[in-house]
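Q: Could you take a close look at one strand for me and then walk me through what surrounds it and the other parts of the model? A friendly, connected account would be great.

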Number of protein chains: 2
Amino acid sequence: MDKVYHHNQTAQNNSTIKKVGILGGGQLGRMLLQAAINYPVETFVMEKDEHCPAAHLCHHFTKGDISNFDDVYAFGKGLDALTIEIESVNVEALEKLEAEGISIYPKPGALKIIKDKIQQKQFYKSNQIPSSEFIVTQNKSELQQHLNFLPAAHKIAMGGYDGRGVELLKTNADLERGFDAPAVLEKLVAVKKEIAVIVAVDNNNNTAIYPPVDMVFDNMLNLLDYQVSPAGLAEKVLWKVEAVALKVVKELKSPGIFAVELFVDIDDNVFVNETAPRVHNSGHHTIEANYSSQFDMLWRVMLGYPLGSTEHILPAAIVNLLGEPGYNGEAIYEGLTEIMDIENVFVHIYGKKETKPGRKMGHITILSKEKQELIHQANRVKQTLKVISANK
Amino acid sequence: MDKVYHHNQTAQNNSTIKKVGILGGGQLGRMLLQAAINYPVETFVMEKDEHCPAAHLCHHFTKGDISNFDDVYAFGKGLDALTIEIESVNVEALEKLEAEGISIYPKPGALKIIKDKIQQKQFYKSNQIPSSEFIVTQNKSELQQHLNFLPAAHKIAMGGYDGRGVELLKTNADLERGFDAPAVLEKLVAVKKEIAVIVAVDNNNNTAIYPPVDMVFDNMLNLLDYQVSPAGLAEKVLWKVEAVALKVVKELKSPGIFAVELFVDIDDNVFVNETAPRVHNSGHHTIEANYSSQFDMLWRVMLGYPLGSTEHILPAAIVNLLGEPGYNGEAIYEGLTEIMDIENVFVHIYGKKETKPGRKMGHITILSKEKQELIHQANRVKQTLKVISANK
C-alpha cells in the first residue's frame, strides 16, 4: 500500500482535467457519473434519448446513435478517454479513435471479441480457458444436424442482451425456437452455482479482483432472484474461479472493468459462461459494500489513479427491481416507503419514467454480516417492492 | 423497524415525481445531488455561477442570485420543495413561497433565527438551551463598555460564514478588531472538546440523531484539523450532548437537517456554540461511514420517506482539503495519487476549477475500526495532499 511517488510527477498527472465520454446513458452511465462526482473530470454522454437516466448528470450531453460510425467518431474526437455501458456500439469508430490516440475502455480489440458470441467462445477455446463445448451454427437448418448435442443453449452471435438472444434447447421440439442467424450452440453444464467476478485492469496491466458473487436463481422461473457477495465457495473452488477470471482479462489485453460470469458444476469444475467488458449488474453491491466500487474503480483506471481496494466493508445482497408483468406506463414504486424503513437497505431507482414488464427500474442493496439476514431481507424486498403503473 | 404501511397509501405517496430545488450550487449542493441519484426526483439548482460544483448535476439549472427576492421567488414558484446549502438566501421570498404551499427545508422561521447571530443567541437563552453568556453590541464604541467581559468571541450578526465574521477578543488591545455593526460578544468557554451533532427532523416531527463528531483543532493555528466520528465522550456527556442537540431542533420547529456545534468545557458542561439549518461539513463522513448519509437523509425528509438509520457502518475521520496558502489559479491536486493508494481512504474533490488560499476544494474520508488508524491516516493525508496551482 505504501508506495512513494515523486511529487513533481504526481502534480503533472493531475494538472489537467480529463475529458471522458460514456457511450450510452442508461443506469450504468448514471451510476458511473454518480461515482465521477468525487473526482476532477469533465464528463460527456451520448445517447439517443435525451431523457435517459444519465442525461442530466454529465457536463455535456450529446443526442446521438451509439451504433452509428459518424455519431460515435464525432462524439469521441475531442475526448481524452471513452468508455461504454453497453456492447452494441460502433466498434469501427472506436478503432479509428484509438488510432488517433484516444484511450478506449475496453480496447476495441477486446470489445470485438466479446461482442460476437462466436468469437467470444473461440477466444476461450484458443486460450485454454475452460468454457462449455460449443458448435457454431449459421442458420436454423444447420441446427438439425446437432440433435445429439442437446440439451444446449443457443445464443445469437450479435445483439443479445439481458436474456434476449438466448434459447434453451432441451428436446428436438425446442429446435423450432433456435436462431436463423449466426449463433453458438453451447452444451449445458450441470450447474451447481452461478458466479460472477468483477476484475479491473489498469493501464499498466495491474489487476484488482472483487470477491466472487453468488447469483441465486429462482428455479421455477429461471430468473435471477438475488445476488450475494461474497459467494459461499470452498477455498479450492474460489482459487479456480479467480484464476480463470484473471486468465480471461489477461488474454483480452485491455484495461477497463470486466465482469466474468462462471458456472461451477456439480464436480466443482469451473466454466466461463460469458464476459462483459464493462461495469455490470453483478457488481452493483460494490457501491456500498466495498471500499472501491466497480464505478469508482473504472474512474481510477481512466484517470490514471492507482486501483482501489476490492475488499468488502460488509457482505451484501442485491435484488434487481424489474417492471412488474402487466404494467406499462408512468412508474409507481409500490412498497418503497416500507422498504426504506429497513435500516440496512439502500435504494437505487434509475429514474426511468416509464415502466414495462421486466424493465430494469432499479436495484436494492442490503448490507449485513449475517448471510441469513441478507437472504431474509432480499426476500422481503422481493415480496414488498413492486414497480407498477396506474393503468395496466 | 418493522412498520406496516397500507399499499394504497404507499403507491399514492410515490405516484408523482417531486420537483425539488436547491438554493446554492457549491459542494453541499453537489453532494446532495449525488445522493438524489438514488431516488425518483426532479432536481433544480439556482446559483450565480453557471460553472459552480453542482450546476451540471441537476435536471434544471437557473443562473440567479439566491439573495435576491425576485430570483428566489421565481425559482421556487413551480416547485414542490426547496432547500438551501447556505444561510445567506432571501428569507422573505421563502416566506412568500411557504405561504403559497411550497415546502421549505428549513422553514423560513427557523432560518431567520439562525441567520442572525443575535436572534440565535436570544433563541438559546429564551428556550433554556445552554449556551455561553453574551452581550449584544450595535457598534464598535459599545464594545468599549464591556472590557470586563473579555476574553470573548465577537461575532457579526449577519453574513458570517466559514470563520469569516468572528474575532477572538482576548485583551483590550484586541477590541480594535471588533465589528462596527450589530454583533454578539460571547464569553469564552474553557473548552475541552468541540463536538458537532447532525439531527434530522421529518415532516411528522420524528427525529434521527447521528453519533456526535469530535472536531479536533490544531491549537497552533486555531484551524480545524480533522474530525473523528463517533466522538470519544463519556456516556454522561454523550447524553447531555444529545439532549441539548434535540432540544435545539425541537424548538426550531422545522423539518430538515440541522448541525448543532457544541462545546464541552473542562467540567463536562455542554454549551451550544451555533447551529446550521442544513447539511454541514461536520457530516461529510456519513456518505461512507453511516447507513443513511446526511444528504440521503435530507432527501428522505423532503420526499416523504421514513428517516434512515444514523448508525455507523464503520467509524470515520475526515480531513478538509483547503487551498494551500500562496496559490491562486487552476487547481492541481499534489499527492492525490499517493492518497488514492491507501485502501480505506475515500476522495471527494468538489470540482472547483480555481484554488485560492483556504478555499474548500474537497474532503477525504477515512474508515477504520481503529481510532489510531483513523488519526494516523488523517495526518498522512494532511501531510501529503496539497491543493496548489502552477503559478503562485
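A: Let's start with strand β16 of chain B, residues 316-322, in this predicted model. This strand is mostly covered, with five of its seven residues buried. Its partner is strand β21 of chain B (residues 360-367), to which β16(B) is joined by seven bridges, and the two run antiparallel. If you want a place to look for the register, find Asn320(B), which stands opposite His363(B) in β21(B).

Now turn to chain A, where a strand β16 also spans residues 316-322. β16(A) and β21(A) pair in the antiparallel sense, over seven bridges. Here Ala316(A) is the residue that stands opposite Leu367(A) of β21(A). One residue of β16(A) deserves a pause: Ile318(A) is found in this strand. Because 29 other C-beta atoms lie within 10 Å, Ile318(A) is buried. Leaving aside residues up to four places away in sequence, Ile318(A) touches Tyr226(A), Gln227(A), His284(A), His285(A), His363(A), Ile364(A) and Thr365(A). Ile318(A) and Ser229(A) are 89 residues apart in sequence, yet their C-alpha atoms are 8.7 Å apart in space.

The partner strand β21(A), residues 360-367, is mostly covered too, with seven of its eight residues buried. Besides its pairing with β16(A), β21(A) is joined by five bridges to strand β19 of chain A (residues 345-349), and these two run antiparallel. In that pairing, Ile349(A) stands opposite Gly362(A) in β21(A).

Staying with chain A, there is an open sheet of four strands in the order β6-β9-β7-β8, with antiparallel pairing. β6 (134-137) and β8 (166-169) of chain A stand at its edges with a single partner strand each, so one side of each has no neighbour in the sheet. On average, neighbouring strands here are turned by 20 degrees against each other, ignoring direction. Helix α6 of chain A (residues 117-126) packs on this sheet, where it touches β6, β7 (152-156) and β9 of chain A. The direction of α6(A) makes about 45 degrees with that of β9(A). As for the edge strand β6(A), its antiparallel pairing with β9(A) (residues 183-187) runs over four bridges. Val136(A) stands opposite Val184(A) in β9(A).

Chain A also has a helix worth viewing down its axis: α3, residues 69-76, whose buried residues are Asp71(A), Val72(A), Phe75(A) and Gly76(A). These four cover an arc of only 115 degrees around the axis, which puts them on the same side of α3(A). The spacing fits a familiar rule: an α-helix has 3.6 residues a turn, so residues three or four places apart point the same way. The cover over the buried residues of α3(A) includes β1 (18-23), β2 (41-47), β3 (60-63), β4 (81-84) and α4 (91-99) of chain A.

Back in chain B, an open sheet of five strands has the order β3-β2-β1-β4-β5, and its pairing is parallel. Its edges are β3 (60-63) and β5 (103-105) of chain B, each with a single partner strand, so each has one side without a neighbour in the sheet. From one strand to the next, the twist averages 20 degrees. At the β5(B) edge, three bridges join strand β4(B) (residues 81-84) to β5(B), and the two run parallel. Thr83(B) stands opposite Tyr105(B) in β5(B). Helix α3 of chain B (residues 69-76) packs on this sheet, touching β1 (18-23), β2 (41-47), β3 and β4 of chain B. Its direction makes about 160 degrees with that of β1(B).

Chain B also offers a helix pair: the axes of α5(B) (residues 108-115) and α6(B) (residues 117-126) come within 5 Å and cross at roughly 105 degrees. That makes α5(B) roughly perpendicular to α6(B). Lys112(B), Ile113(B) and Ile114(B) of α5(B) make the contact with Gln119(B), Gln120(B) and Phe123(B) of α6(B). By class, that contact has three nonpolar, two polar and one charged residues.

Finally, look at Gln383(B), in helix α12 of chain B (residues 371-384). Because Gln383(B) has 9 C-beta neighbours inside 10 Å, this residue counts as exposed. The C-alpha atoms of Gln383(B) and Ile339(B) are separated by 10 Å, with the two residues 44 apart along the chain.

Terms used: Residues are numbered from 1 along each chain as its sequence is written. Chains are lettered from A and ligands numbered from 1 in the order in which they are written. This is a predicted model: local features need pLDDT of at least 70, side-chain atom pairs count only at pLDDT 80 or more; totals for chains, interfaces and linings use all residues. Axes are lines fitted to C-alpha atoms, for helices over the stretch in contact, and angles run from 0 to 180 degrees between N-to-C directions. Angles under 35 degrees count as roughly parallel, over 145 as roughly antiparallel, 65 to 115 as roughly perpendicular and the rest as oblique. Two residues are in contact if their C-beta atoms, placed from the backbone, lie within 7 Å. Ala, Val, Leu, Ile, Met, Phe, Trp, Tyr, Cys and Pro count as nonpolar, Asp, Glu, Lys and Arg as charged, and the others, Gly among them, as polar. Two strands pair if DSSP finds at least two bridges between them. A residue is buried if 20 or more other C-beta atoms lie within 10 Å of its own, exposed if 12 or fewer, and partly exposed in between; C-beta atoms are placed from the backbone. The arc is that of the directions from the helix axis to the C-beta atoms.
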